[in-house]
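Student: Could you walk me through how to read this model? I would like to start with how far to trust it.

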Amino acid sequence: MCTANTLTMIDYQNPTTLALVAGVAIFLVGKVVQYYLGRARAAWILSKYPIVNPEWNASDRERLLNSSQEVILEGLALANGGPFRIEDGSGIKLVLPPKYIDEIKDLPQLSSQNYNVKDFFANYPGFDAFRSSNHKTEVIWTRGLKREMAGVWPLAIPPMAKEISSILDKTYGQTDEWKEIGVYNACISVISRITQLVLLGEDFMNNEEWKRVATSYSVNVFRAAATLHQWNKWLRPIVVWYLPICRQIRAEVKQARAILQPEVVKRVEYRKNERDGAIKDGQRRRRVLDSIDWFVAANPDNKPFDYVGTQISLALAANQTSSNVLAYVLGDLISHPEYLQPLRDELTAVLRDVKAGPGYEFDKATLHRLVLMDSFMKESMRLHPPANITMRRQATEDIRLADGTEIPRDTYLFVAPVPMKDPAVFENPDVFDGYRFLRMREQQTSQNQDGGKYHLVSTSSDLVMWDYGLRVCPGRFLAGAYLKLIFAHLLLKYDFQLLHGQNAFNMGKPQGFMTRPDKEQKLMYRSRKSPI
Ligand code: HEM
């Protein structure tokens, strides 16, 4: 109505006005034409890359869910080892072979947040975990995770080491008899408590309500995304309000906010008073090292920032991934019992050397000396990485790679297959070799080269379990430390064996592009007398 009135009020007799209106109209039409031409050009460029599953019917969906690696290899064969396209249920993605990894790793015009917006509905209510990191909050996120966390994470090792015994007691307890336990459930229970300690601090470590909400949300948010993907994209903004699983995640986000927001307000207020000099020395609170403070410190101007959304996001990033890694490490240990004694020998020798008491007082340097453990865990991650694809990104500009490969703006892409089973790089790549990275590290060092490339938390173009380049996992140092601490305690305190009557540990199978341990797999354990 208002626009219509404005249009009738324009004096079309006046040549200047007329020129102005015509100019605006031409500009707008030009923009629309430019947009559609851009899209047509992008579609034309992408159409040069073959598509591996053009029909996208029920059987394609089923195949991608159960045998994604096969589909990827088929795509590579179709494209003679070059880029190809794949439909994965959320749209068409460009798949780059690993030879491009180094070239694209640091391109700022490849955004992982934008990818999340598409695949994990970051703009929809309830998907807050995928929204808290975006281009507006980028600086605070980067400062919080890289600068603030980098400075303090080693200080979290002794408090974690102190708590692990009692955390394990809650999950495994003491038993002289062999007992059965669900591997994955035990891992998630231990991991979620330890991450709660490092991410939220001692006051929240035992907050059962947060543990329940964070654990349940970490599962439900992926179920909600998978459910939404089954709906037509035009209906999604409506059905998101009614689907039970989407209502559930909204309720969980609300609960998470109710639990943590008061603490966030307290921390922000304290930091502000500290900066203003309003806190006297005697009233100064002990330096808090958890992740709420990383971000409060990273935001000195108190810009709008979703601290609780960020916490949900970190719990999500940390809990599932770490639990999967721990479950696979235990699976590999049970499948290769010949490593048990050497791992224990290394551990007891190092702990005796540092004269650790009964609480096993670990610090960064002690963990660093567990070189066989480091190698064993990295080998387990090499064979069971979080996903069989890596570097999921969206191009925010047109990109042309050195060999002429064009990636039009807005293209969603990822690198596949992950190059960690390449026989040209890894001898007998399908065989579990717990000494592999220790040997590779020693070889490098003996040739005066940097053996650090083969440490558990290092990344390189051949070893992408933590992603690679600009968006590499910033939590890997912390995760590496607590995973080693937990594994060390498990090795010292318990004996493990396969269930009676079971011949082999079931490692689970991929679900889509993700690797998932078998959630039904159980093992037997009993307490042992630690030599230390
Ligand atoms: C064993 C445990 C972990 C594994 C295997 C792991 C692995 C990964 C991988 C593969 C990515 C890239 C994800 C993608 O495809 O978009 C990633 C990103 C990320 N991880 Fe981890 N992660 C672990 C633990 C943690 C922990 C403990 C934290 C937090 C303290 C964390 C924080 C993050 C964040 C914030 C990102 C996004 C980085 C960005 O987009 O720049 N991760 N992680």
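Student: Which helix has the lowest mean pLDDT, and which the highest?

Tutor: pLDDT is the predictor's confidence in each residue, from 0 to 100. Here helix H1 (residues 2-9) has the lowest mean among the elements of the protein chain, 60, and helix H18 (residues 371-383) has the highest, 97. Helices (H or I, at least four residues) and strands (E, at least two) are DSSP runs, numbered from the N terminus. The protein chain averages 89, and 95% of the residues score at least 70. For the complex, the predictor gives an ipTM of 0.97 and a pTM of 0.90. This is a predicted model, so local features need pLDDT of at least 70 and side-chain atom pairs count only at pLDDT 80 or more, while totals for chains, interfaces and linings use all residues. Residues are numbered from 1 along each chain as its sequence is written.

Student: Thanks! Which residues are closest to the ligand?

Tutor: A residue is near a molecule or strand if its C-beta atom, placed from the backbone, lies within 6 Å of it. In this model 18 residues surround the ligand, and the closest are Ala 318, Thr 321, Asp 467, Cys 473 and Gly 475. Helix H15 (307-335) and H20 are the elements that give two or more residues to this shell. The largest share, 6 residues, comes from H15.

Student: How many residues of the shell around the ligand are nonpolar, polar and charged?

Tutor: Ala, Val, Leu, Ile, Met, Phe, Trp, Tyr, Cys and Pro count as nonpolar, Asp, Glu, Lys and Arg as charged, and the others, Gly among them, as polar. The shell around the ligand divides into 11 nonpolar, 4 polar and 3 charged residues.

Student: Why does Cys 473 count as partly exposed?

Tutor: A residue is buried if 20 or more other C-beta atoms lie within 10 Å of its own, exposed if 12 or fewer, and partly exposed in between. Cys 473 is partly exposed because it has 19 C-beta neighbours inside 10 Å. Cys 473 lies in the loop between helix H19 (436-446) and helix H20 (476-493). The unreviewed UniProt entry annotates Cys 473 as "binding site"; such annotations may be inferred rather than shown by experiment.

Student: And strand S2: how do its pairings with S1 and S8 run, parallel or antiparallel?

Tutor: Two strands pair if DSSP finds at least two bridges between them. Strand S1 (residues 84-87) pairs with S2 in the antiparallel sense over 4 bridges, with Phe 84 opposite Val 95. Strand S8 (residues 412-415) pairs with S2 in the parallel sense over 3 bridges, and there Leu 94 stands opposite Leu 413.
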